[in-house]
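Dear colleague,

Please find below the sequence and the structure that I am handing over to you. My notes on what was found follow directly after.

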Amino acid sequence: MTDSTINRRHLLAGLGAASLAGLTGAPALAQAAEIPIGMVLPFSGATGPYGPDMKKAADLVVKIINDGGGILGGRKLHLYVEDSETNPTVGVTATRKLLDVNKVELVGGFWGSPIALAAKPLILAANKVEMVSASANGITDGDTKGLIYRFQAKSSQWGPAGAKVMTSLKLKKVTILAQQNPFVISMIEPFKAEMAKLGGQIIDVVQYNPDQASYRAEVEKAFGPEPDGVFCLSLLTDFVAISKEVYRGGFKSKILGLGTGADADGAYLRSVTPEVAEGIHHLQPAPPMDSAAYKKFVKLMGAPEGTAFLFAGNTHDQVCVTALAMEHAKTQEAAVWVKSIREVCNPPGEEVDDILKALEMVRAGKKINFVGAGATVDFDERGDQLNRSFLHQVIEKGKNKIVEVVT
């Protein structure tokens, strides 16, 4: 069962009448039988394009679990969804509502490091579980009480992947152009270290503040010396402005951007002309697209074979892992079931990617190694996800083309 208090802008962003029916048409379940879980997702603002598919994926797997008999002796999951509006202040308000009003055991979703970081103290103080699709290293730093799990690559893992792409493109003299935020800053030193290891040279690091009126000075400083390539660590809004500035300035250095800027689920290509976007490379964490689990997920989402859902699989996996951990621990109490996450996700154990089969095996006392749609969902002792891969794409003639998968 799902519920939501997403705002008018979310509705206008394109969920449409079909989604609203899912929010209001389900028959009421007895409150005592429900297990409340929540997600804070973006439906508006710079990361708004990702929210609808992330919500759809979570809704679908909640329905599968509930239709399959629920968990803990037949109890149903009730998913509450709030809009972060890509704003940390709004995200904190949404988190507080989920904790105080909806009494959730999990606050998941969290596309965006600033929002995940801002909500972290509230969730830890309530002794509930936070699951994020966000990269800033600080999310799992410090005393997390073992309550935080990351369904995404850490920022520091993005840097080496970027250096490998630069090297594969034979770009040796490189400048970094970076927005100042926790997500991005954590990438810089690992990128520099990997470039040095691979024989590259960092010419300069140019940083800027988000939401500047103009990025002309920073673009001229980064591109003016004519490096082989520029690693643009930007999000959607600023990358649109930066790439237009690069095009107007006639700069020829190759651009490697982040998928959060140069893709954003197609939002970037809808914001610039094909001439501006032509030849831009970008990368971001990706699901294991050739895996059986991911192919099943694409079919579940009703999408064509080969569709790249870069973040929707993460919310699908968050629901699955929560249900499996609760079933393994035989309780909905967050501080208890969180300790079962690695028990049901990490090897050793029989690999299984079907959530209903996995729940059945857990009930039978079998050791499982659950495999998710977004990743293998193996975690280290800090709650950081292991074995993430990155998708390297290039924009050609107004379309994204897959170049390679980087590990």
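Buried means under 20% relative accessible area, exposed over 50%, and partly exposed in between, with a 1.4 Å probe and protein chains only. Thr175 is buried by that rule, with a relative accessible area of 1%.

Two remarks on provenance come before the rest. This is a predicted model, in which local features need pLDDT of at least 70 and side-chain atom pairs count only at pLDDT 80 or more, while totals for chains, interfaces and linings use all residues. Residues are numbered from 1 along each chain as its sequence is written, and side-chain values use heavy atoms, with hydrogens and water left out.

**Overall form**

The chain contains 16 helices and 15 strands; helices (H or I, at least four residues) and strands (E, at least two) are DSSP runs, numbered from the N terminus. Its radius of gyration is 21 Å, which agrees with the value near 22 Å for a compact globule of 407 residues. That radius is taken over C-alpha atoms, and the globule rule is 2.2 Å times the number of residues to the power 0.38. The C-alpha trace spans about 65 × 45 × 40 Å along its principal axes.

Of the 407 residues, 55% are buried. The accessible surface comes to about 16200 Å², and carbon and sulfur atoms account for 53% of it; these areas come from the Shrake-Rupley method with a 1.4 Å probe, and for residues only the protein chains shown count as cover. Among contacts (heavy atoms within 4.5 Å) between residues at least 6 apart in sequence, 67% join residues at least 24 apart.

**Two buried strand residues**

Thr175, introduced above, lies in strand E7 (residues 173–179). Leaving aside neighbours within four places in sequence, Thr175 is in contact with Ile203, Asp204, Val206, Ala222, Pro227, Gly229, Val230 and Phe231.

Phe370 belongs to strand E13 and is buried at 0% relative accessibility. Not counting residues up to four places away in sequence, Phe370 touches a set of residues including Cys320, Leu324, Val344, Val352, Asp353 and Ile355. The C-alpha atoms of Phe370 and Asp353 are separated by 5.8 Å, with their positions 17 residues apart along the chain.

**Salt bridges**

A search of the whole structure finds 13 salt bridges, each defined as a side-chain nitrogen of Lys or Arg within 4 Å of a carboxyl oxygen of Asp or Glu.

Asp353, already met as a contact of Phe370, forms a salt bridge with Lys296, in which the closest N and O atoms are 2.8 Å apart. The pair links distant parts of the chain, 57 residues apart: Asp353 is in the loop between strand E12 (350–352) and helix H16 (355–363), and Lys296 is in helix H12 (residues 292–300). Both count as partly exposed, Asp353 at 24% relative accessibility and Lys296 at 48%.

Lys97 and Glu82 meet in a salt bridge of 3.3 Å, N to O. Lys97 lies in helix H3 (residues 88–100) and Glu82 in strand E3 (residues 76–83), so this pair ties together parts that are 15 residues apart in sequence. Lys97 is partly exposed at 27%, whereas Glu82 is buried at 8%.

Asp384 and Lys154 form a salt bridge of 3.5 Å, N to O. Asp384 lies in the loop between strands E13 (368–370) and E14 (389–396), and Lys154 in the loop between strand E6 (148–150) and helix H5 (155–168), so the pair ties together parts that are 230 residues apart in sequence. Asp384 and Lys154 are both buried. Through shared partners, salt bridges join Arg150, Lys154 and Asp384 into one network.

**Helices H4 and H8**

Helix H4 (residues 113–125) has 13 residues and reaches 19 Å from its first C-alpha to its last, close to the 18 Å expected at 1.5 Å a residue. The expected span is 1.5 Å times one less than the number of residues. H4 bends by about 35 degrees at Ala119, and Pro121 follows within four residues; the bend is the angle between axes fitted to the seven residues ending at a residue and the seven starting there. The buried residues of H4 include Ile115, Ala119 and Ile123, and their cover includes H3, E6 and helix H6 (182–197). Just after H4, Asn127 takes a positive phi of about 55 degrees.

Helix H8 (residues 236–249) has 14 residues and reaches 20 Å, close to the 20 Å expected. Its buried residues include Leu236, Phe239, Ile242 and Val246. Gly250 follows H8 with a positive phi, near 70 degrees.

With kind regards
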